[in-house]
Amino acid sequence: MAENCTHDCSSCGEDCASRQTDPKDFLEAPHPMSSIKKVIGVASGKGGVGKSMVTSLLAVMLGKKGYRTAILDADITGPSIPKAFGIRGRAVSDEDGIYPAETPDGVSIISANMLLEEETAPVIWRGPMIAGIVKQFWTDVVWSDVDYLFVDMPPGTGDVPITVFQSIPLDGLIVVASPQELVGMVVEKALNMAKTMNVSVTGLIENMSYVQCPDCGRKIPVFGESHIDEIAKDFGLKVLAKMPIDSQLTALCDKGEIEKADVNYLDAACEEIIRVCAL
Ligand code: ADP
């Protein structure tokens with residue numbers, strides 16, 4: 001420890017054994033030709049809870065409000081964004097960098113699927129390689145004129161999400177959970193990771209909260225009773241949406257037409273993003 005240690009490593013140049021590294025020390029600069037106003041991560045404690053669905057809908061809905069939106073698909077081993085938007089084919093690049101694909105409604109997208117010869121080829125890369133690709137999606141992709149860039153984070157709290165948290169400066173973070181997941185401690189783990197990485201959480205979204213009976217309108221909690229309000233209270237966070245299982249959404253994703261979704265489930269989440277991450 002330095003002789004006159006103040007325990008504030010941010011204002012001290014000594015390279016001593018007790019030095020605490022700030023997670024933000026590893027932040028990477030975006031491509032010099034990029035122009036990105038705000039970056040919002042979308043994370044979950046585990047896969048399959050609808051993180052990509054929420055990411056896609058947020059980008060679509062904010063796009064409909066007139067914002068220029070983009071998606072960096074950092075879920076390298078389970079990339080489902082291009083399929084939901086009907087994007088096929090490879091990413092284009094030149095000596096300046098890699099260019100995202102653009103959907104009919106103007107959402108810019110980059111995903112590992114756009115680098116593979118075959119979209120069905122499995123990504124069998126180890127953690128450091130996966131984390132390296134995500135970093136490149138930030139440093140080597142030319143993100144032109146983007147208001148809100150959504151990062152579909154790798155699920156869980158392992159190596160790869162940690163690297164993403166460390167390398168991409170997030171202005172906000174949406175945490176997606178299913179009611180079932182909330183019973184296990186996975187959401188708390190994701191929230192605690194965000195806290196450790198000094199990322200401020202914009203709010204929680206519960207997905208697959210219920211199914212609405214088409215005949216009587218009753219909301220049936222197929223995955224059990226929700227605990228999201230308790231968790232939100234414990235962490236001092238807002239619940240921004242409780243989204244139902246809606247077969248219309250699954251069908252639109254399967255057809256690559258998620259931009260045709262006309263649902264209001266995420267209206268409050270969009271408003272909160274606009275409020276907290278004002279341009
Ligand atoms: P994750 O990104 O968390 O792995 P996805 O967004 O890929 O999860 O969702 C998993 C599957 O569930 C996909 O087939 C998706 O279309 C479907 N899905 C997600 N949320 C909903 C919903 N609210 N209603 C209907 N289907 C959904």
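**Exercises on the ligand site and a salt bridge**

The ligand occupies the largest pocket. The model is predicted.

**Exercise 1.** Describe the shell of residues around the ligand by proximity, class and secondary structure.

Solution.
- Step 1: the ligand is surrounded by 15 residues, and those that come nearest are Gly-48, Lys-51, Ser-52, Met-53 and Pro-244.
- Step 2: sorted by class, the shell holds six nonpolar, seven polar and two charged residues.
- Step 3: helix H1, residues 51-64, gives the most to this shell, namely three residues.

**Exercise 2.** Find polar atoms of the protein that pair with the ligand, and state how much of the ligand the protein buries.

Solution.
- Step 1: apply a cut-off of 3.5 Å between N or O atoms.
- Step 2: on the backbone, a polar atom of Val-49 is 3.0 Å from an oxygen atom of the ligand, and an N or O atom of Pro-244 lies 2.8 Å from a ligand nitrogen atom.
- Step 3: from a side chain, an N or O atom of Thr-250 is 3.0 Å from a nitrogen atom of the ligand.
- Step 4: the ligand taken alone exposes 560 Å², of which the protein buries 79%.

**Exercise 3.** Locate the partners of the salt bridge between Lys-135 and Glu-28 along the chain.

Solution.
- Step 1: the count of salt bridges is eleven.
- Step 2: in the pair Lys-135 and Glu-28, the N to O distance is 4.0 Å.
- Step 3: Lys-135 belongs to helix H3 (residues 127-139), while Glu-28 is in the segment before strand E1 (36-44).
- Step 4: the two residues are 107 residues apart, and their pair links distant parts of the chain.

Key:
Residues are numbered from 1 along each chain as its sequence is written. This is a predicted model: local features need pLDDT of at least 70, side-chain atom pairs count only at pLDDT 80 or more; totals for chains, interfaces and linings use all residues. Side-chain values use heavy atoms; hydrogens and water are left out. A residue is near a molecule or strand if one of its heavy atoms lies within 4 Å of it. A polar contact is a pair of N or O atoms within 3.5 Å; within protein, one must be able to donate a hydrogen and the other to accept it, and residues adjacent in sequence count only if both atoms are side-chain atoms. Accessible areas come from the Shrake-Rupley method with a 1.4 Å probe; for residues, only the protein chains shown count as cover. On a 1 Å grid over the protein atoms alone, a cavity is a set of points where a 1.4 Å probe fits but cannot get out, and a pocket is an open set with protein on both sides within 12 Å along at least five of seven lines; lining residues have an atom within 4 Å of a point. A molecule sits in a cavity or pocket if more than half of its atoms lie within 2 Å of its grid points. Helices (H or I, at least four residues) and strands (E, at least two) are DSSP runs, numbered from the N terminus. Ala, Val, Leu, Ile, Met, Phe, Trp, Tyr, Cys and Pro count as nonpolar, Asp, Glu, Lys and Arg as charged, and the others, Gly among them, as polar. A salt bridge is a side-chain nitrogen of Lys or Arg within 4 Å of a carboxyl oxygen of Asp or Glu.
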